[in-house]
Amino acid sequence: MERPLVWKGIQEEAAFERLRDLEVTARTLGLVDSSDALSILLRRRAEKEAWDWGLFEDCVTTLVLEYSQQDKTLAEGLAILDRILQRTFEVKRRKGKRMEPFGVSWSQEQLSQLEASLGFLTRALHRTSDIQSSILLAGLGHIIRYETKGAFVRARIHYWASPSTSSRKDREQLVEDFLMLWSKGSDGKADTTHLRNAFAHAHFRFFDEDRVELWDLDRSGNETFRTVLKATDIQSLYNLFEKKLILAEVYPSLLVAIEDLFSVYKLEWHSFRR
């Protein structure tokens, strides 16, 4: 029978649970080294009733590097969120207030509905063998992901940035900067925004079996975006956008875990030397 873990405070227990969730998420994202490192860290804490601070630092470094190295846009997204959160943390500290990264959160009902819709569509996409059908399914999936997970990330970035960035226009540009995968339109909006509009408003046409042209217009009818994508590009869009959006869950959770552990082990943390 396993003995129950003993905590120095509720913050430590919360940090342990966050890191355990991150271990699972890292495995799902294909971050094998990060997941393995977190698994070892948590097992040592459970067995020895003490944190290995050197390994903890390595876990954070590995998670950031392994995620960033998967694609340039993921590294850029991480840098954007880091700047936003660090600025807001600093503003909150000066005012003597605590930053609450999870002021905007999913409800269980929303998560269940998302799995019922986007999850079903993803499984259908994997089953189809017709290339043009797969492009259209991926396009529909992108619209759903953009209007659910994308909208959630948009709300979170506005919430996080508002203490340090008063202009809504500037906060909205931060959102578009984060949502961009490969390029922006002439209006400064992310390609994921324009591709959502292109699929939603039937602004696309097939050149051949696996190439599709997509474009977007502003409210005055002026063209703001046009591109030609292959089926493989659409698949990359589908997968890469998911990995980028999930960062808005993973990274703040990591920062909170670090802050919670620091609040409990300040003296031990300050005296740690590698």
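**Core, cavities and pocket of a predicted helical model**

Leaving aside neighbours within four places in sequence, Ile 157 is in contact with Leu 81, Ile 84, Arg 171, Leu 174, Val 175 and Phe 178. In this model, which is predicted, Ile 157 is also one of three residues, together with Leu 19 and Trp 51, that touch the most other members of the largest nonpolar core, a set of 68 residues. The largest share of this core comes from helix H9, which supplies 15 residues.

The protein chain that holds this core has ten helices and three strands, and from the N terminus on its elements run α-α-α-α-α-α-α-α-β-β-β-α-α. Along its principal axes, the C-alpha trace spans about 65 × 45 × 35 Å. Of the 274 residues in the chain, 43% count as buried, and among contacts between residues at least 6 apart in sequence, 61% join residues that are at least 24 apart.

Trp 51, named above among the core residues with the most contacts to other members, also takes part in a polar contact, in which its side chain meets the side chain of Glu 12 at 2.8 Å. Glu 12 is found in helix H1 and has a relative accessible area of 0%, and therefore counts as buried, the limit for that class being under 20%. When residues up to four places away in sequence are not counted, Glu 12 touches Val 6, Trp 7, Arg 45, Trp 51, Leu 261, Val 264 and Tyr 265.

Leu 261 recurs in the surroundings of Trp 269, a residue of helix H10, which covers residues 266-271. With residues up to four places away in sequence again set aside, Trp 269 touches Trp 53, Phe 56, Ile 258, Leu 261 and Phe 262. Trp 269 is partly exposed, because its relative accessible area of 24% falls between the limits of 20% and 50% that bound this class. The C-alpha atom of Trp 269 is separated by 38 Å from that of Arg 168, a residue 101 places away along the chain.

Empty space inside the model was examined next. A search of the whole structure finds two cavities of 30 Å³ or more, and about 100 Å³ of space lies in the largest of them. This cavity is lined by 13 residues, of which Leu 63, Tyr 67, Leu 247, Val 250 and Tyr 251 are the closest to its centre. Two or more lining residues are given by each of helix H1 (10-28), helix H3 (53-68) and helix H9 (231-264), with H9 giving the most, four residues. By class, the lining of the largest cavity is made up of twelve nonpolar residues and one polar residue, and has no charged residues.

The largest pocket has a volume of about 930 Å³ and is lined by 29 residues, with Thr 25, Lys 149, Glu 242, Ile 246 and Glu 249 the closest to its centre. The elements that give two or more residues to this lining are H1, helix H5 (108-127), helix H6 (131-161) and H9. As with the largest cavity, where H9 gives the most residues, the largest share of the pocket lining comes from H9, here with nine residues. The residues that line the pocket divide into 13 nonpolar, seven polar and nine charged, whereas charged residues are absent from the lining of the largest cavity.

Two residues in loops were noted for their backbone geometry. Glu 49, in the loop between helix H2 (32-48) and H3, has a phi near 55°, a positive value in a residue other than glycine. At 39% relative accessibility, Glu 49 counts as partly exposed. Ala 202 likewise has a positive phi, of about 60°, although it is not a glycine, and its place is in the loop between helix H8 (191-200) and strand S1 (204-208). The relative accessible area of Ala 202 is 52%, so this residue counts as exposed, a class that begins over 50%.

Methods
Residues numbered from 1 in each chain as written. Predicted model: local features only at pLDDT ≥ 70, side-chain atom pairs only at ≥ 80, totals over all residues. Heavy atoms only, no water. 1 Å grid on protein atoms, 1.4 Å probe; cavity = no way out; pocket = protein on both sides within 12 Å on 5 of 7 lines; lining within 4 Å. Points joined across faces, edges and corners; volume = space filled by probe spheres on them. Nonpolar A, V, L, I, M, F, W, Y, C, P; charged D, E, K, R; others polar. Buried < 20%, exposed > 50% of the residue type's maximum accessible area, 1.4 Å probe, protein only. Polar contact = N/O pair within 3.5 Å; in protein donor to acceptor, adjacent residues only side chain to side chain. Contact = heavy atoms within 4.5 Å. Core = buried A, V, L, I, M, F, W, Y, C linked by side-chain atoms within 4.5 Å.
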